[in-house]
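Trainee: Before we start, could you take me through the reasoning behind the terms we use for a structure, setting each value against its cut-off?
Mentor: Gladly; have the sequence and the structure open beside you.

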Amino acid sequence: MTRAVEHEYDVVVLGAGPVGENVVDRARAAGLSVAVVESELVGGECSYWACMPSKALLRPAIARSDARKVPGLRQLVRGPLDAAAVLAHRDYYVSHWKDDGAVTWLDSTGARLFRGHGRLAGARRVAVEAPEGERHLLAARHAVAVCTGSRAVLPELPGLTGARPWTSREATSAHRVPDRLVVVGGGVVAAEMATAWQALGSHVTVLIRGETLLGRMEPFVGEHVAEALTARGADVRTGVSVSAVVRDGSTGPVTVVLEGGDQVVGDEVLFATGRAPRTEDIGLETVGLEPGSWLSVDDSLRVTGHDWLYAVGDVNRRALMTHQGKYQARIAGAAIAARAAGDSLPEEDPWGAHAATADHAAVPQVVFTDPEAASVGLSLAEAQRAGHRVRAVDLDLSGVAGAGLYADGYRGHARMVVDLEREIVLGLTLVGPGIGELLHSATVAVAGEVPIARLWHAVPAYPTLSEAWLRLLEAYRDGAGTS
């Protein structure tokens with residue numbers, strides 16, 4: 001066996017996706033030496049199989065839908081999307097699944113990239129097996145950061161493996177539009193991919209075990225999105241479970257068998273039924289942790305019981321979104337640098353430079369369906385379960401002047417959740433065309449704990465969709481809402 005070449009760095013990062021890249025950036029900015037280990041493409045899941053390709057597929061669909069609601073324009077966009085052009089646009093945004101640009105950036109930081117599979121080999125040690133057979137042993141003076149992300153989980157169902165189902169990776173990288181697509185799941189991936197492939201020409205059937213689409217958001221969100229999908233020809237079914245999957249031959253249609261005996265036939269089936277941490281083969285057992293487990297961390301992203309080990313991004317299960325993982329990476333990088341310098345971190349500084357407090361209080365999310373959905377902070381149910389005394393204020397967005405100008409027949413809804421004791425906004429949820437760009441103002445209000453009395457002085461421009469803020473504040477002032 002080839003003897004491992006030994007190297008020493010201040011920090012070793014497992015995973016070169018957006019999260020790992022941000023840990024690298026902060027550690028290098030502090031003058032620390034860094035090694036990065038990546039077994040796939042530098043840039044990670046988000047760049048090649050998630051955020052970027054999915055939004056490249058969705059943007060033409062949403063732009064066409066919006067144009068069809070504008071007088072003088074709708075008659076010019078009656079035809080189908082040019083699927084080949086949309087797929088080519090997607091390919092451009094994922095750099096044709098080549099990571100040259102990402103590697104160039106990583107090299108510019110001064111970090112060293114090790115291609116291959118990295119595994120912990122005891123405290124502060126990472127063993128790397130390179131594809132060409134080389135072996136390296138990396139020693140970390142200060143920290144190892146696990147940034148390996150998550151992967152799609154497939155349920156154990158008869159026939160599923162042989163049916164070659166799509167997961168999120170296949171759904172964002174496919175090069176042919178299936179005539180019929182069956183989507184199993186009711187979360188963000190299911191909703192977005194149903195929207196994208198329906199717009200590209202697939203007849204879509206969505207099978208949801210629960211009672212609503214996007215069930216983790218306020219109930220009205222899933223209702224709006226499901227109604228829109230149905231109006232465009234999708235078959236959205238709730239309260240159904242899959243019992244088996246059968247593929248006819250190697251390339252034939254796939255039959256999804258439901259509990260009770262009903263069957264749904266498609267040319268492809270997408271299972272969007274959950275995620276698992278990519279920690280099953282990274283040597284966790286060598287440091288007393290369970291392989292394949294989510295990693296519990298404190299607010300500086302340090303793994304419980306290990307003063308040198310950090311788990312950043314999806315692997316800690318705090319908020320499985322790229323932007324939140326990058327936020328955690330900035331916090332972790334700052335904490336690693338401070339500890340490396342011998343500084344003690346403040347015990348009570350929840351919104352300080354070394355605490356990922358937003359993971360608990362102000363997580364923003366945009367779902368790029370048609371209509372879009374967005375939320376930050378707590379829903380009404382979450383706030384009530386947490387013991388807050390709250391009032392929810394609801395608004396029909398069609399009454400906002402900017403909404404009528406945005407689209408004929410605009411349909412949308414907003415809910416603001418207010419803490420009645422502190423008079424601050426705990427959460428805001430919106431659904432409607434174009435509302436994704438409204439979310440950051442809500443995120444600032446929630447993260448900044450801006451008093452309602454001060455929000456009155458944040459004047460929205462007229463006539464924009466952001467005037468929804470004024471209408472919500474007026475409704476709150478007038479006593480509207482549910483406590």
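**Values set against definitions**

Mentor: Let us begin with Gln-263, which, once residues up to four places away in sequence are set aside, touches Thr-255, Val-256 and Val-257. Keep in mind throughout that this is a predicted model.

Trainee: What makes Gln-263 count as buried or exposed?

Mentor: The relative accessible area of Gln-263 is 54%, and because the term exposed is reserved for values over 50%, Gln-263 is exposed. The residue lies in strand β13, which covers residues 263–266, and its C-alpha atom is separated by 9.4 Å from that of Val-245, 18 residues apart along the chain.

Trainee: Why is Ser-168 called buried, at 11% relative accessibility?

Mentor: Buried means under 20% relative accessible area, so Ser-168, at 11%, counts as buried. Ser-168 is placed in helix α6, residues 168–173, and, leaving out residues up to four places away in sequence, it touches Trp-49, Ala-152, Val-189, Leu-270 and Arg-275.

Trainee: How do you know whether Arg-90 is buried or exposed?

Mentor: The same reasoning is applied to its value: Arg-90 has a relative accessible area of 0% and is therefore buried, the limit being under 20%. Arg-90 lies in helix α4, residues 83–93, and among its contacts beyond four places in sequence are Pro-53, Leu-57, Trp-97 and His-175.

Trainee: What is noted about the phi angle of Trp-97?

Mentor: Phi of Trp-97 is near 55 degrees, a positive value in a residue other than glycine; Trp-97 is found in the loop between α4 and α5. Leu-214 likewise has a positive phi, near 50 degrees, and lies in the loop between β9 and α8. With a relative accessible area of 4%, Leu-214 is buried.

Trainee: Which peptide bond leading to Pro-371 is cis, and what is its omega?

Mentor: The bond from Asp-370 to Pro-371 is cis, with omega near 10 degrees, and Pro-371 lies in the loop between β17 and β18. The bond from Tyr-462 to Pro-463 is also cis, with omega near -5 degrees, and Pro-463 is placed in the loop between α14 and α15.

Trainee: Which residues touch the most other members of the largest nonpolar core?

Mentor: That core has 91 residues, and Val-13, Val-126, Leu-138, Val-312 and Met-416 touch the most other members. Apart from it lies another core, of 38 residues, among them Leu-181, Met-193, Leu-229 and Ala-373. In soluble globular proteins, nonpolar side chains tend to be buried together. Returning to Val-13, its contacts beyond four places in sequence include Gly-20, Val-34, Ala-145 and Cys-147.

Trainee: How do you know whether the radius of gyration agrees with a compact globule?

Mentor: For 483 residues, a compact globule would have a radius of gyration near 23 Å, and because the protein chain has 24 Å, the value agrees. The chain holds 15 helices and 21 strands, and 53% of its residues count as buried. Among contacts between residues at least 6 apart in sequence, 64% join residues at least 24 apart.

Technical notes. Residues numbered from 1 in each chain as written. Predicted model: local features only at pLDDT ≥ 70, side-chain atom pairs only at ≥ 80, totals over all residues. Heavy atoms only, no water. Core = buried A, V, L, I, M, F, W, Y, C linked by side-chain atoms within 4.5 Å. Buried < 20%, exposed > 50% of the residue type's maximum accessible area, 1.4 Å probe, protein only. Contact = heavy atoms within 4.5 Å. Helix = DSSP H or I, 4+ residues; strand = E, 2+ residues; numbered from the N terminus. Rg over C-alpha atoms; globule rule 2.2 N^0.38 Å.
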